[in-house]
Amino acid sequence: MTQRLRSLSPSETEILRLLWDVGSGTVQAIADRLPTDRKIVYATVQTLLRRLESKGYVRHRLVGKAHVFEPLEGKDKVIQSAVGSFLQRLFGGDAVPLVMHLARHRKLTLEDVERLKKMIEEEQA
């Protein structure tokens, strides 16, 4: 059974995604990678990184006087946990209604469907 990770807020998720992109970084390095239209100050990024650390998603080490943060959980594990939780809550664990919803509301292109078919075929081979 997949370990359930603690849930993330949208802002925590955004910071974790940035950290995955860079591998590791200081608070300032992560803050600098935020889109320019995001008005998040240094202290907020620091708070979000500390929350991620308390939830077990990241850790930090001291390099001189700087706290350098790095992810503890990989992207695939976090996605699997979040999607699994979402599927369970909204669809009773059944992915088919979710895929049907995405197709019905044009969130899946024909190219996406072909990619899914290819992936399924490869998994069955």
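These legends describe close-up views of a predicted model.

**View A. Strands E2 and E3 form an antiparallel pair.** Strand E2 covers residues 58-63. Strand E3 covers residues 66-71. Six bridges join the two strands. One residue to find here is Arg61, whose bridge partner in E3 is Val68. Two residues lie between the strands of this hairpin. Gly64 takes a positive phi in the hairpin, near 65°.

**View B. Glu70 makes a side-chain contact with Arg59.** Glu70 sits in strand E3. Its relative accessibility is 18%. Buried means under 20%, so Glu70 counts as buried. The polar contact between the side chains of Glu70 and Arg59 spans 2.6 Å. Beyond its neighbours within four places in sequence, Glu70 is also in contact with Leu19, Gly23 and Ser24. Tyr57, Val58 and Arg61 are further contacts of Glu70.

**View C. Glu73 lies in a loop and is buried.** The loop runs between strand E3 and helix H4, which covers residues 75-91. Glu73 has a relative accessible area of 14%. That value is under 20%, so Glu73 is classed as buried. Residues up to four places away in sequence are not counted in its contacts. On that basis, Glu73 touches Leu5, Trp20, Gly56, Tyr57 and Val78.

**View D. Ile40 occupies the loop between helices H2 and H3.** Helix H2 covers residues 27-33, and helix H3 covers 42-54. Ile40 counts as buried, at 18% relative accessibility. It touches Glu14, Leu34 and Val45, with residues up to four places away in sequence left out. For scale, locate Val63 as well: Ile40 and Val63 are 23 residues apart in sequence. In space, their C-alpha atoms are 24 Å apart.

**View E. Asp94 caps the N-terminal end of helix H5.** The helix covers residues 95-104. A side-chain oxygen of Asp94 lies 3.1 Å from the backbone nitrogen of Val96. Arg106 follows H5. The phi of Arg106 is positive, near 55°.

**View F. Leu116, Met119 and Ile120 make a nonpolar surface patch.** The patch has an area of about 260 Å². Leu116 is found in helix H6, which covers residues 110-124. The relative accessible area of Leu116 is 34%. Partly exposed means between 20% and 50%, so Leu116 is classed as partly exposed.

Technical notes: Residues numbered from 1 in each chain as written. Predicted model: local features only at pLDDT ≥ 70, side-chain atom pairs only at ≥ 80, totals over all residues. Heavy atoms only, no water. Patch = residues over 30% accessible without salt bridge, like charges linked within 9 Å, V, L, I, M, F, W, Y side chains within 5 Å. Areas by Shrake-Rupley, 256 points an atom, 1.4 Å probe, with all protein chains shown as cover. Salt bridge = Lys/Arg side-chain N within 4 Å of Asp/Glu carboxyl O. Helix = DSSP H or I, 4+ residues; strand = E, 2+ residues; numbered from the N terminus. Buried < 20%, exposed > 50% of the residue type's maximum accessible area, 1.4 Å probe, protein only. Contact = heavy atoms within 4.5 Å. Polar contact = N/O pair within 3.5 Å; in protein donor to acceptor, adjacent residues only side chain to side chain. Pairing = 2+ DSSP bridges.
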